[in-house]
Amino acid sequence: GLAMTSTAANAHFTVDGLPIERQSNEVSDVIQGVSFSLKALTAAPENVVLTSNVDGTAEKLQTFITAYNDVASLVQKQLAVTDGSNRQSTLAGDGTVRGLQQSLQRLVTTAVDGLGSVRTLADIGVKTGRDGSLSLDKNVLKTAVAREPAALNGLFSQAATGMGDVASQMVDRFTNSTDGTLVLRQRGLNGAVDRLDDDQLRAQARIDAFRDRIVKQFTAMEKVVGSLNSISNFLSQNLSSNKQSNS
């Protein structure tokens, strides 16, 4: 009972004079970062004005900066050595955590080639303080966005060498569940704890065995002493009796 009322067709449109055809009216792969929602056929062209969202970019950058500062602060707190530092409960001097700190510092200075004048985080206003924490200069960011918005995007999205991939590679290198550096270090510490527990059990078993042996020897010695005392008493009584008889 169904009848075809209209034949399905692809969407046809032009962008800056370039004819484009897509199977959907929702198009997001023509201009990077821009989505089109095609509503109806029009005779006159529609003007699309694109502007850079500096506030939105700054907000996303601040999220990255906050996450970085949280990790860097935690690492520094674990590595810090002061008069009151307890090496038994911190990671002070641990080479693995020191390596993580150095990797975080290299991440901040990573330069992405092929992007023009925007190649590092410093070029978009990310500053490093004396304590190693990051902050954002929004004026520098605004200038970078106005000058080279594509380069700023590439700083994070460029394949393999962009900040996104570099950060992901660093995280995987340290936290991969199979061979991550921190994971392997943690397994090593757990193994050391297990070995110490086993050593403690074996030591306790030796102590218990030694105690049992000493107790048995003491008991046997008590029996010998008791027998000797009995003999001594017997001899003493006999000597007393003989003396009385002789008298």
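A nonpolar core is a set of buried Ala, Val, Leu, Ile, Met, Phe, Trp, Tyr and Cys residues joined through side-chain atoms within 4.5 Å. In this predicted model, the largest such core has 29 residues. A second, separate core has six residues. Beyond the cores, a search of the whole structure turns up seven salt bridges, and the count of aromatic pairs comes to two.

**The largest core**

- Among the 29 members, the ones that touch the most other members are Ile 124, Leu 141 and Leu 155.
- Five helices each give two or more residues to this core: H1 (54-79), H2 (95-108), H3 (138-147), H4 (149-157) and H5 (163-175).
- H1 makes the largest contribution, with seven residues.
- As a general point, nonpolar side chains tend to be buried together in soluble globular proteins.
- What does Leu 155 touch, leaving out residues up to four places away in sequence? Its contacts are Val 112, Leu 115, Val 118, Arg 119, Thr 120, Leu 121, Ile 124, Gly 162 and Met 163.

**The second core and its aromatic pair**

- The six-residue core is separate from the big one, and its members include Phe 13, Val 15, Ile 20 and Phe 36.
- Phe 13 and Phe 36 also turn up as an aromatic pair: their ring centres are 6.5 Å apart and their planes sit at 50°, so this pair counts as tilted.
- Phe 13 belongs to strand S1 (residues 11-15) and Phe 36 to strand S4 (residues 36-37), so the pair links parts of the chain that are 23 residues apart.
- Buried or exposed? Phe 13 has a relative accessible area of 14%, so it counts as buried.
- Phe 36 is buried too, because its relative accessibility is 17%, and the cut-off for buried is under 20%.

**The other aromatic pair**

- Phe 64 and Phe 156 pair up edge-to-face, with 6.3 Å from centre to centre and 80° between the planes.
- This pair also links distant parts of the chain: Phe 64 is in helix H1, Phe 156 is in helix H4, and they are 92 residues apart.
- Phe 64 is partly exposed, at 22% relative accessible area, and Phe 156 is partly exposed as well, at 27%.

**A look at helix H2**

- Does the length of H2 add up, and what should its 14 residues span? At 1.5 Å a residue they should span 20 Å, and the end C-alpha atoms are 20 Å apart, so the two agree.
- Buried residues in H2 are Thr 96, Val 97, Gly 99, Leu 100, Gln 101, Ser 103, Leu 104, Leu 107 and Val 108.
- At the start of H2, a side-chain oxygen of Asp 94 comes to within 3.0 Å of the backbone nitrogen of Thr 96.**Salt bridges**

- Asp 94 also meets Arg 185 in a salt bridge, at 2.8 Å from N to O.
- Arg 185 lies in helix H6 (residues 181-246) and Asp 94 in the loop between H1 and H2, so this bridge ties together parts that are 91 residues apart in sequence.
- Asp 94 is buried, at 9% relative accessibility, while Arg 185 is partly exposed, at 36%.
- Arg 22 bridges to Asp 29, with the closest N and O atoms 3.2 Å apart. Arg 22 counts as partly exposed at 28% relative accessibility, whereas Asp 29 counts as exposed at 52%.
- Glu 148 and Arg 147 form another salt bridge, at 3.9 Å from N to O. Glu 148 is partly exposed at 21% relative accessibility, and Arg 147 is partly exposed at 44%.

**Two more residues to look up**

- Asp 137 sits in the loop between strand S6 (134-136) and H3. The Asp 137 side chain reaches the backbone nitrogen of Asn 139 at 3.1 Å.
- Leaving out residues up to four places away in sequence, Asp 137 touches Ile 124, Gly 125 and Lys 127. Ile 124 is one of the residues that touch the most other members of the largest core.
- Arg 173 is in helix H5 and is partly exposed, with a relative accessible area of 41%.
- Arg 173 is 73 residues from Leu 100 in sequence, yet their C-alpha atoms are 9.7 Å apart in space.
- Not counting residues up to four places away in sequence, Arg 173 touches Ser 103, Asp 179, Gly 180 and Thr 181. Of these, Ser 103 is one of the buried residues of H2.

Technical notes. Residues numbered from 1 in each chain as written. Predicted model: local features only at pLDDT ≥ 70, side-chain atom pairs only at ≥ 80, totals over all residues. Heavy atoms only, no water. Buried < 20%, exposed > 50% of the residue type's maximum accessible area, 1.4 Å probe, protein only. Helix = DSSP H or I, 4+ residues; strand = E, 2+ residues; numbered from the N terminus. Contact = heavy atoms within 4.5 Å. Expected span 1.5 Å × (residues − 1). Polar contact = N/O pair within 3.5 Å; in protein donor to acceptor, adjacent residues only side chain to side chain. Phe/Tyr/Trp six-rings, centres within 6.5 Å; stacked < 30°, edge-to-face > 60°. Salt bridge = Lys/Arg side-chain N within 4 Å of Asp/Glu carboxyl O.
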